[in-house]
Amino acid sequence: MGVAVIGALGVTLMVHDSRRLSHAHRRPDPASLRRAARPRAAGVTIGVAVNGPTVAIPRSFLGFSTEYWTLPVDENHLALYRRVIALLHAPGDGRFVLRIGGVSSDHSFWQLAVRRAPEWAFAITPRWIARTARIVRQSRLRVIIDLNLITATPALNAELAREAVAALPRGSIAAFEIGNEPDVYNRQVWGVRLQGNRTATGVLPTSLTAGTYATTFAADARALHSVAPNVPLQGPALADPRLSRGWISRLLAGRHPRLDAVSVHEYPYTACARPGAAAYPTIGKLLSSRAMTSMADAVTPAVRLARRSALPVRVSEFNSVTCGGVRGVSNSFATALWAPSALFAFIRAGVWSADLHVRAFSINAPFGFDRAGVVPRPLLYGLILFTRMLRPGSRLVRVRVQARADAPLRAWAVRQTGHRLSVLLIGRTARAVRVSLRLPSRRRATIQRLVAPSARATSGETLDGQWLGADLRWDGRKRVEQITPRGGRFTLTVRGMSADLMSVQLMARR
């Protein structure tokens, strides 16, 4: 969700923002990290139901979503882009999924299918297709291609699909998604986007409803069947799945045999709101329990509706803040603490997969590029921490946090095959937390710590004492701690505004 940057104005903005990306790759300051730890610690007991009900974590759960115009930027840094994917690819997982679309999908045409691409359009050329195929092939991706619902026709979408199927590696197209946030379509806003061009605005729908979307989806499905009969379809890519659940019901009533997933979007906060408004982001809001519960609550109606038709839900676009993000919030260490909880909240709600929206030159992206290489942001570290908890057959385990007042930390646990347990402890306040966990194990546990000078920090974060350089290689001396249980109880101190990943081998049940 958010405002796309198209045309000459977009180039100006993108060049301007790219200069601001390089807040240098600074080495973490040990003194600032020590000051971030508070000596007084609150006491918390964590209960992990290691033998209780669990939720399966789907393979390839975390993916990326991006705009059509971002791919050429990534392709210019292909070796580094592959390293990003490698950092976020769990061992033994399926191929990483990249959804291509967003708001730019409704500006995009296959260039050779029209006599002349309008000024406001993003022309998909043979060169763009070739460069995309190179990214997909060398990064071993599967892609979801989001098709134009607003300014194209089913025939034009079929032409683009035909070229994509022919050029991309065999079997690499996971699905075609039809439309992008049709539930918030506004003809007047689109008229402004198309620069008041009468010819252009003449192609715009007067309005979009659940009924007209279902009709258009069916028309696109018929057109796509002739060029890509074996590629599944997804939709309706709703901006607000809670308020617009009727769109899902209407789509599912069509009984489309190739519909293999219901797609929705979710952002807890928006930069398009006014500062001070409830929807405007702050550090405190990102770390609040409400940020997690609101995301899960938003997608739950879609999950329930889709299950009735035996279909999964894909969050094909999410991030902490839409409309490009807010500097000082979207690039802060708070996002590293927010991201794992957001992903686990989706899993607990029954979501099948979730694609983080990554736009070039946007401050809410987990990384950017400059002349030195990659600018890794704190959000990337949070995603890496989430990925380190996953293995084939991983299952989310119930966790209970017992504290005297509002819990000063958030806890998640994942059980893997071979009786391996990972527990993620995320400090939500500036105060350190003394944690006690009783687990069926006599083995030592390893502790990986993700820390930064503060929740507001935009650099200086470390994971296991290391940080990512401009080449996306780990710098610094790796420090993984170990703790020994006493009386079947593990005790550790979690720094305020940090995250600790504890991994331990459990005893097998007899």
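Two strands pair if DSSP finds at least two bridges between them. Keep that in mind for strands β19 and β20, which are joined by eight bridges and run antiparallel. Everything I show today comes from a predicted model.

First, the overview. The chain has 510 residues, and 59% of them are buried. Its secondary structure comes to 14 helices and 28 strands. Now take the contacts with a separation of 6 or more. Residues 24 or more positions apart account for 79% of them.

Back to β19. This strand covers residues 409-416, and eight of its eight residues are buried. Side chains in a regular strand alternate between the two faces of the sheet. In β19, both faces are covered. Leu409, Ala411, Ala413 and Arg415 are buried on one side. Arg410, Trp412, Val414 and Gln416 are buried on the other.

Who are the neighbours of β19? One is β20, residues 420-427. Arg410 has Ile426 of β20 as its bridge partner. The two strands form a hairpin, with three residues between them. Look at Gly418 in that turn: its phi is positive, about 80 degrees. Another partner is β17, residues 395-397, which pairs with β19 in the antiparallel sense over three bridges. There, Arg395 stands opposite Arg415 of β19.

Next, the barrel. It is closed, it has eight strands, and its pairing is parallel. The order is β3-β4-β7-β8-β9-β10-β12-β14. From one strand to the next, the twist averages 25 degrees.

Let me zoom in on one pair. β4, residues 96-101, and β7, residues 141-147, are parallel and share five bridges. Val97 stands opposite Arg142 of β7. Which helix lies across β4 and β7? That is α5, residues 126-139, running at about 145 degrees to β7. Then comes α6, residues 154-167, which packs on the sheet and touches β7 and β8. The direction of α6 makes about 170 degrees with that of β8.

Helix α9 now, with one residue to look at. Ala223 lies in this helix. Is Ala223 buried or exposed? The cut-off for buried is under 20% relative accessible area. Ala223 has 16%, so it counts as buried. Leaving out residues up to four places away in sequence, Ala223 touches Pro154 and Ala158. Its C-alpha atom is separated by 9.2 Å from that of Glu159, which is 64 residues apart from it along the chain.

On to α10, residues 245-253. Its buried residues are Trp247, Ile248, Leu251 and Leu252. Why do they fall on the same side of α10? Because they cover an arc of only 130 degrees around the axis. The general rule is familiar: an α-helix has 3.6 residues a turn, so residues three or four places apart point the same way. What covers the buried residues of α10? The cover includes helices α9 and α12, along with strands β9 and β10. After α10 comes Arg255, with a positive phi near 50 degrees.

Now the core. Nonpolar side chains tend to be buried together in soluble globular proteins. Here, the largest nonpolar core holds 138 residues. Which members touch the most other members? They are Phe64, Phe176, Phe318, Trp338, Phe344 and Phe346. Helix α13, residues 333-349, gives the largest share of this core, 13 residues.

Take Phe64 as the example. Beyond four places in sequence, its contacts include Tyr81, Val84, Ile85 and Leu88. They also include Phe96, Val97, Leu98 and Arg99. Further along the chain, Phe64 touches Asp355, Leu356, Val358 and Phe367. A second, separate core has 24 residues, among them Val44, Val50, Leu437 and Val494.

Last stop, Arg449. This residue sits in β22, residues 445-451. Its relative accessibility is 16%, so Arg449 counts as buried. What does its side chain meet in a polar contact? The partner is the side chain of Asp500, at 2.3 Å. Past four places in sequence, Arg449 also touches Thr462, Leu463, Asp464 and Glu481. Thr493, Val494 and Ala499 are further contacts of Arg449. One of these, Val494, belongs to the second core.

That covers the tour. Questions, please.

Definitions and conventions: Residues numbered from 1 in each chain as written. Predicted model: local features only at pLDDT ≥ 70, side-chain atom pairs only at ≥ 80, totals over all residues. Heavy atoms only, no water. Core = buried A, V, L, I, M, F, W, Y, C linked by side-chain atoms within 4.5 Å. Buried < 20%, exposed > 50% of the residue type's maximum accessible area, 1.4 Å probe, protein only. Helix = DSSP H or I, 4+ residues; strand = E, 2+ residues; numbered from the N terminus. Contact = heavy atoms within 4.5 Å. Polar contact = N/O pair within 3.5 Å; in protein donor to acceptor, adjacent residues only side chain to side chain. Axes fitted to C-alpha atoms, helices over the stretch in contact; angles between N-to-C directions. Arc of directions from axis to C-beta.
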